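Take a look at the model below. This report goes through its cavities, its strands, its cores and a few single residues.

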Amino acid sequence: MLPKNLLIFTVSLAILFSISAKSQDLQDTTFLIEEVVVTGTRVELSRNLMPQNITIIKEKELNEYQESTVFPLLSRRTPGVFVTEHAVIGFGVGSNTSAGLMTVRGVGGIPNTQVLMMVDGHPQYMGLFGHPLPNSYVASDLERVEILRGPGSILYGSNAMGGVVNMITKKQKENGFSGNTRIAYGSFNTQKYMANAGYRHEGFHIFASVNRDVTDGHRDSSNFEITNAYIKTGYEINDNFELVADYNIAEFYDVNPGPVSDDNTYKSDIIRGKASFSFLNKHKISKGGLHTYYNFGNHSLSDGWKSIDETYGAMLYQTVKLPYNTQLSLGGDYKRLAGKGNGGMKANQWISNDESAVYALVRHRF
């Protein structure tokens, strides 16, 4: 029979050996996964293979973010990106306010038609000039944001001279119910309300959120209010096919007092909405889909400008993995931008612009 001390030493050594062996097993089964980027390419790529500089804001950071609109976070989080605001919350609209201006590495303008905004890869052309309205993009509706800094016009069109911002919306991932609420109150009678909920069962999933922000502003005639609602639902037919649809509507009222020496206030009353429907397919060596989208808006500004607009389009693409680390992507896009306003030579006349394209892309990794 072994002495007591020797028995304890033997058992301890066996335990340490077992822990060391398990640790070694864990190390042997650990894999480093490259971060995936889907900005505008419609095909998931490793971040290391993207030719542009890119910043990714993940869901955890968006959930911890206390602002409603996502634009201020882009400015704080992304080198070279600058966004102007004129009040406690909210952005201005129109030629006589510099708020809502977004520049990437110094490239931008009023209206901002140099930085392309996308939602789930769908281009966001708002108004007759095709510029984005920052108040329309709510942080609580997003799963991640990808910001490409630098010229991207070859891949994304003329509105991408400064860069591209792609906002990927949330969908319910966990089975069962989930929900979240947030209420905040601050200076200048600023109030923020947010509630969202989701449900998933087998192949069906749905997620919805509502936001309401109001403030009296930091000075007279600088009040702002916005109400936003969003819903996204889908059904996974099987492991290879999925249907997804979403809808968003936002209404905001903004007052810009202008210079202190000027008694004139500048007001805007705007409704923006979007809807999309997608049919996606995913196989072992192939992936693609059909996306259709529709954006609309109604703008009324105190300087007399009134306009309505709509943008709709479709994107069809398919990517196939070929031998020897090669990918082949084929696709086609169609987009129509239309609307009317009460200014210019064609006042109150419905104008439209159509664009279409087909493309083929071969990517080989040496």
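## Buried or exposed

A residue is called buried when its relative accessible area is under 20%, exposed when that area is over 50%, and partly exposed in between. The model shown here is a predicted one.

Start with Arg144, which lies in strand E8. Its relative accessible area is 17%, so Arg144 counts as buried. The side chain of Arg144 has a polar partner: a contact of 2.9 Å joins it to the side chain of Glu146.

Tyr230 sits in strand E13. Its relative accessible area is 3%, under the 20% limit, and therefore Tyr230 is buried too. Tyr230 and Thr169 are 61 residues apart along the chain, yet 9.7 Å separates their C-alpha atoms.

## Nonpolar cores

In soluble globular proteins, nonpolar side chains tend to be buried together. Here the largest nonpolar core has 29 residues. Val70, Phe71, Leu74, Met102, Val145, Val165 and Met167 have the most contacts inside it. Several elements give two or more residues to this core: helix H3 (71-77), strand E4 (81-83), strand E5 (102-104), and strands E6, E8 (142-149), E9 and E13.

Another core lies apart from that one. It has 10 residues, among them Ile54, Met118, Ala160 and Val164.

## An open sheet

Strands of a sheet pair through backbone hydrogen bonds, either parallel or antiparallel. One open sheet in this model has 5 strands and mixed pairing. Their order is E3-E8-E9-E6-E7. Which strands form the edges? They are E3 (53-57) and E7 (122-123), and each of these pairs on one side only.

Look at the E7 end. Strand E6 covers residues 115-119 and pairs with E7 in the antiparallel sense, over 2 bridges. Met118 stands opposite Pro123 of E7. Met118 is also one of the residues of the 10-residue core.

## Hairpins further along

Next come strands E15, E16 and E17. E15 runs antiparallel to E16 (residues 286-301), and 15 bridges join the two. They form a hairpin with 3 residues between them. Lys274 has Asn295 in E16 as its bridge partner.

E16 is also joined to E17 by 15 bridges, again in antiparallel fashion. Gly289 stands opposite Tyr317 in E17. The hairpin of E16 and E17 has 4 residues between the strands, and Gly304 takes a positive phi near 105° there.

## Two asparagines in loops

Most residues other than glycine have a negative phi. Asn189 has a positive phi of about 55°, although it is not a glycine. Where is Asn189 found? Its place is the loop between strand E10 (176-186) and strand E11 (190-201). At 28% relative accessible area, which falls between the two limits, Asn189 is partly exposed.

Asn325 also has a positive phi of about 55° without being a glycine. This residue belongs to the loop between strand E17 (306-322) and strand E18 (326-341). Its relative accessibility is 57%, so Asn325 counts as exposed.

## Cavities

How many cavities of 30 Å³ or more does a search of the whole structure find? It finds 3. The largest holds about 170 Å³ of space. Its lining has 17 residues, and Val119, Ser136, Tyr137, Asn248 and Lys274 lie nearest its centre. Strands E9 (163-169), E13 (224-236) and E15 (266-282) each give two or more residues to this lining. E15 gives the most, with 3 residues. By class, the lining of the largest cavity divides into 7 nonpolar, 7 polar and 3 charged residues. Lys274, already met as the bridge partner of Asn295, is among those nearest the centre of this cavity.

The second largest cavity has a volume of about 130 Å³. It is lined by 16 residues, with Ser68, Thr69, Asp213, Phe224 and Ile226 closest to its centre. Strand E12 (204-215) and E13 give two or more residues each to this lining. The largest share, 3 residues, comes from E13. The classes here are 6 nonpolar, 6 polar and 4 charged.

Conventions:
Residues numbered from 1 in each chain as written. Predicted model: local features only at pLDDT ≥ 70, side-chain atom pairs only at ≥ 80, totals over all residues. Heavy atoms only, no water. 1 Å grid on protein atoms, 1.4 Å probe; cavity = no way out; pocket = protein on both sides within 12 Å on 5 of 7 lines; lining within 4 Å. Points joined across faces, edges and corners; volume = space filled by probe spheres on them. Nonpolar A, V, L, I, M, F, W, Y, C, P; charged D, E, K, R; others polar. Pairing = 2+ DSSP bridges. Core = buried A, V, L, I, M, F, W, Y, C linked by side-chain atoms within 4.5 Å. Buried < 20%, exposed > 50% of the residue type's maximum accessible area, 1.4 Å probe, protein only. Polar contact = N/O pair within 3.5 Å; in protein donor to acceptor, adjacent residues only side chain to side chain.
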